[in-house]
Amino acid sequence: MTLERDLYGPDHEAFRDTVRAFLAKEVTPHHGRWEKAGVVDREVWRSAGRQGLLGMAVGEEYGGGGTGDFRFSAVLIEEFARAGASGLALSLHNDIVGPYLTRLATEEQKRRWLPGFVSGDLVTAIAMTEPGAGSDLQGIRTTATDQGDHYLLNGAKTFISNGILADLVVVVARTTPEGGSGGQSLLVVERGTDGFERGRNLDKIGQKAQDTAELFFHDVRVPKENLLGEENQAFACLMGNLAQERLAIAVGAAAAAEDILDVTTRHVKEREAFGRPLARLQHIRFEIAEMATETAVTRTFIDRCVTEHSEGRLDAVHASMAKWWATELQKRVVDRCLQLHGGYGYMTEYRVAKAFLDSRVQTVYGGTTEIMKEIIGRSLLR
């Protein structure tokens, strides 16, 4: 029994049906193979484009959906989470990289990049994290030196999602010697550019089908036409877009927690111990009751945050609350659900084992739990 949600309308639910059909046909049958390969098939991105799953917020004149309603993204994120489809990073493309292109790109850049962004012909990534700079974006050392008609880009990035498949990489680089909040810019580096090299497809403990790479830039000539937004103004843009990134992660975390709880509830009803179903044991009922309550309370808060964001009112503090709370909940629920599966939970053929591995990074990327708490605490104790 669940509370009725009033977040979505008929158009959102029709879109949900489209997403589910796409997952059933194009993703779920292939995900195991992608996990072994460490990367999804390139063609599935084009399939997503044909189904209208890319660039919902991109203007219709560039082939996009023409809607800024984040609830369509939330529907997509929820369904991917419930399907355990962690390999195909559509939300990264739509909700993290997409806003930089739609809000900062010039008209010429939009005509050049957005049609491919929407069709799936251009897969995107954003390169912030470096070997020595993770959550501390002011510590970025990659440099872009002004050479008149181009920048000379040098540096290294790591943990870059979509790093292997990406055709366009939005790179955060220092464009002043000091760098920091007033000396960083966004440069778009295109596949095949001389000096741009991809390192390893990193071997992660979870999300195995999602290509995550090291990127290297050795005297890469980036034309001035590929500067995204204003020079030396990247930091403010990065901070402005983080609320949506963190909310997107929170939406997926809440949906994943609900899904694995449903899986586990069915398991304890069917699995017997001491001659009766596990669900007859009081401890099991208490465990399920606690997790059901926690996920229901979390769902209510996340839905409110989605509403606020769709109406342009969500601030960084509440996005941080949503991100740390939902991801920590997901991690906690998955761990408890694995315990309720007993030895079967440790077997990778069971859904809960994959969920356990895939969930661990949620409290790390997009800003660690500790960083989220620092943002919240700083706002309250100024």
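Let me begin at the surface, where Ile205, Phe356 and Leu357 make a nonpolar patch of about 260 Å²; patch members have over 30% relative accessible area and no salt bridge, and nonpolar side chains (Val, Leu, Ile, Met, Phe, Trp, Tyr) are joined within 5 Å. Accessible areas come from the Shrake-Rupley method with a 1.4 Å probe, and a salt bridge is a side-chain nitrogen of Lys or Arg within 4 Å of a carboxyl oxygen of Asp or Glu.

I should say early that this is a predicted model, in which local features need pLDDT of at least 70 and side-chain atom pairs count only at pLDDT 80 or more, while totals for chains, interfaces and linings use all residues. Residues are numbered from 1 along each chain as its sequence is written, and side-chain values use heavy atoms, leaving out hydrogens and water.

Phe356 lies in helix H10, residues 351-359, helices being DSSP runs (H or I) of at least four residues, numbered from the N terminus. With a relative accessible area of 34%, Phe356 is partly exposed, whereas His341, in the loop between helix H9 (316-340) and H10, counts as buried at 5%; buried means under 20%, exposed over 50%, and partly exposed in between.

How do the axes of H7 and H10 cross? They come within 10 Å and cross at roughly 155°, so the two helices are roughly antiparallel, a term for angles over 145 degrees, where axes are lines fitted to C-alpha atoms over the stretch in contact and angles run from 0 to 180 degrees between N-to-C directions.

Technical notes:
Patch = residues over 30% accessible without salt bridge, like charges linked within 9 Å, V, L, I, M, F, W, Y side chains within 5 Å. Buried < 20%, exposed > 50% of the residue type's maximum accessible area, 1.4 Å probe, protein only. Parallel < 35°, antiparallel > 145°, perpendicular 65-115°, else oblique.
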